[in-house]
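Here is a short note to read beside the model. Each point takes up one part of the chain, and the points can be checked one by one.

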Amino acid sequence: MRKYSRIVAVFLLSLVLAGCAGKDSGVKTPESSAAENSENEKQEEYSKEAKEEEKSKPQEVKKTEDKPEKKEPEQEEPEEEKPSVPELNSDTVVYAQEEVVTTTSVNVRKAPSTESEVYQNVPKRSAFTRTANDGTWSAVKVGEEEYYIASEYLQLASERKDNGCLVVIDAGHQAQGNSEHEPIGPGASETKPKVASGTSGCVTGLNEFELTLQVSLRLQEELEARGYQVLMVRESHDVNISNSERAAIANDAGADAFVRVHANGSDDSSQNGILTICPTAGNPYMGNLYNQCRSLSECVLDGAVNATGANKQYIWETDSMSGINWCTVPVTIVEMGFMTNPTEDQNMADGGYQQKLAAGIADGLDAYFGN
């Protein structure tokens with residue numbers, strides 16, 4: 001009996017030891033395998049439930065940061081070849097801001113070249129601020145832009161003389177006369193052709209309207225150089241201005257003196273010399289200006305004769321000239337010489353002689369104004 005009890009005890013002990021040994025070594029016993037399978041089933045069941053629950057939740061939208069789009073590098077278009085723009089001569093250019101005025105009607109250009117586009121044409125005595133000058137072209141400001149004028153047609157404003165006297169010059173006649181009539185004076189019943197065609201040179205064939213403008217332009221230049229303001233009745237031949245209208249131009253301008261430039265003619269080819277014309281003291285239209293007109297005529301006659309050496313004729317006082325009768329300012333007509341005289345015709349066609357005439361008439365105006 002004791003032997004049997006010992007055998008049972010040893011057997012039970014071996015079972016306990018065998019179970020511990022299987023657990024430590026990782027060897028699965030039937031019991032451990034069953035327990036592990038049961039645990040795995042529970043884990044799988046839990047995972048399924050978790051997944052189902054996760055699916056039922058609203059999905060959170062994941063925001064992404066805005067990234068700048070990657071632009072392809074732009075291909076630069078090849079620059080068009082631009083025509084070269086003339087520039088001032090850097091070797092001689094002088095940069096200085098100074099006030100200038102134009103000495104004649106002149107073109108304002110976009111570049112310093114006569115081939116450049118004309119921005120505008122400006123009249124004589126137009127004022128500009130000059131910023132640069134290379135001796136040939138000057139850069140001037142027009143608003144905020146820079147343009148160019150030929151330097152020879154600009155004068156420093158500080159050097160421009162002004163003696164305060166305005167002279168209106170009427171170059172007699174025009175390319176085509178106008179035979180329509182107008183009254184010889186304000187309110188007159190007597191009429192005359194509006195403007196005659198004039199005479200011509202017996203040798204040169206030069207028309208009177210051409211000669212008078214040539215001398216008048218020289219007179220304009222001479223007077224302006226002496227500080228006079230000058231207004232021209234005409235500067236071309238293609239005009240149609242009657243004698244009363246010519247007087248009106250001088251009247252409206254408030255001229256200090258109105259000089260009407262003409263040349264003479266006669267059936268007697270030996271006639272020569274210079275004369276001037278003024279109204280009579282009893283002129284019914286503007287007799288109140290007789291003394292001034294007479295003085296002006298004397299001064300101009302003496303000046304022109306002294307400068308040219310021509311024969312001195314006389315002062316003709318008459319009330320038959322509509323170009324005088326319509327005046328409300330001092331006026332004279334200067335007959336520079338006889339185009340019907342061969343010698344005088346050739347003299348008056350000569351540029352040098354014309355300059356003497358212009359200077360002599362200017363001398364006469366100086367004497368009249370006491371300059």
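**Notes on a predicted model**

1. Tyr148 sits in strand β6, which covers residues 145–150. The model is a predicted one, and that applies to every point below. Is Tyr148 buried or exposed? Its relative accessibility is 14%, so Tyr148 counts as buried, the cut-off for that class being under 20%.

2. What does Tyr148 touch, once residues up to four places away in sequence are set aside? The list includes Leu88, a run from Asn107 through Val108, Arg109, Lys110 and Ala111 to Pro112, and a further group of Trp137, Ser138, Ala139 and Val140. Arg130 can be placed relative to this residue too: Tyr148 and Arg130 are 18 residues apart in sequence, and their C-alpha atoms are 9.2 Å apart in space.

3. Ser116 is found in the loop that runs between β2 (106–109) and β3 (118–122). With a relative accessible area of 13%, Ser116 is buried, although its place is in a loop. Its side chain reaches the backbone nitrogen of Lys110 at 3.4 Å. Beyond its neighbours within four places in sequence, Ser116 is in contact with Arg109, Lys110 and Ala111. Arg109, Lys110 and Ala111 also appear among the residues that Tyr148 touches.

4. The chain as a whole can be described in a few numbers. The protein chain has eight helices and 15 strands. Of its 371 residues, 39% are buried. Its accessible surface comes to about 22,500 Å², and carbon and sulfur atoms account for 47% of that. Taking contacts between residues at least 6 apart in sequence, 72% join residues at least 24 apart.

5. Strand β8 (residues 166–171) deserves a separate look. Why can β8 be called largely enclosed by the rest of the structure? Six of its six residues are buried, so the strand has the rest of the structure around it. The two faces can be read off in turn: Leu166, Val168 and Asp170 are on one side, Val167, Ile169 and Ala171 are on the other, and all are buried.

6. Which strands pair with β8? One is β11 (residues 229–232), which runs parallel to β8 and is joined to it by four bridges. Within this pairing, Val168 has Leu231 as its bridge partner. Another is β12 (residues 257–264), paired with β8 in the parallel sense over five bridges. Here Asp170 stands opposite Arg260.

7. His173 lies in the loop between β8 and β9 (178–183). Its phi is near 70°, a positive value in a residue other than glycine. For comparison, most residues other than glycine have a negative phi. His173 counts as buried, at 10% relative accessibility.

8. Asp268 is in the loop between β12 and β13 (274–278). Its relative accessible area is 37%, so Asp268 is partly exposed. Asp268 and Phe338 are 70 residues apart in sequence, yet their C-alpha atoms are 9.8 Å apart in space.

9. The largest nonpolar core has 55 residues. Those touching the most other members are Ile169, Leu211, Leu223, Phe258, Ile274, Ile361 and Leu365. Which helix gives the most to this core? It is α5 (residues 290–308), with eight residues. Apart from this core lies another, of ten residues, including Val100, Val106, Val142 and Leu154.

10. Ile361, one of the core residues named above, can be followed to its contacts. Leaving out neighbours within four places in sequence, Ile361 is in contact with Leu219, Val259, Val300, Ala304 and Val334.

11. How many disulfides does the structure hold? The count is zero. Cys278 is in no disulfide, and the nearest cysteine sulfur, that of Cys293, is 6.6 Å away. Cys293 is likewise in no disulfide, with the sulfur of Cys278 as its nearest at 6.6 Å. The cut-off for a disulfide is sulfur atoms within 2.5 Å, so a pair at 6.6 Å does not count as one. Both residues are buried: Cys278 has a relative accessible area of 0%, and Cys293 is at 0% relative accessibility.

Methods:
Residues are numbered from 1 along each chain as its sequence is written. This is a predicted model: local features need pLDDT of at least 70, side-chain atom pairs count only at pLDDT 80 or more; totals for chains, interfaces and linings use all residues. Side-chain values use heavy atoms; hydrogens and water are left out. Buried means under 20% relative accessible area, exposed over 50%, partly exposed in between (1.4 Å probe, protein chains only). Contact means heavy atoms within 4.5 Å. Accessible areas come from the Shrake-Rupley method with a 1.4 Å probe; for residues, only the protein chains shown count as cover. A polar contact is a pair of N or O atoms within 3.5 Å; within protein, one must be able to donate a hydrogen and the other to accept it, and residues adjacent in sequence count only if both atoms are side-chain atoms. A nonpolar core is a set of buried Ala, Val, Leu, Ile, Met, Phe, Trp, Tyr and Cys residues joined through side-chain atoms within 4.5 Å. Two strands pair if DSSP finds at least two bridges between them.
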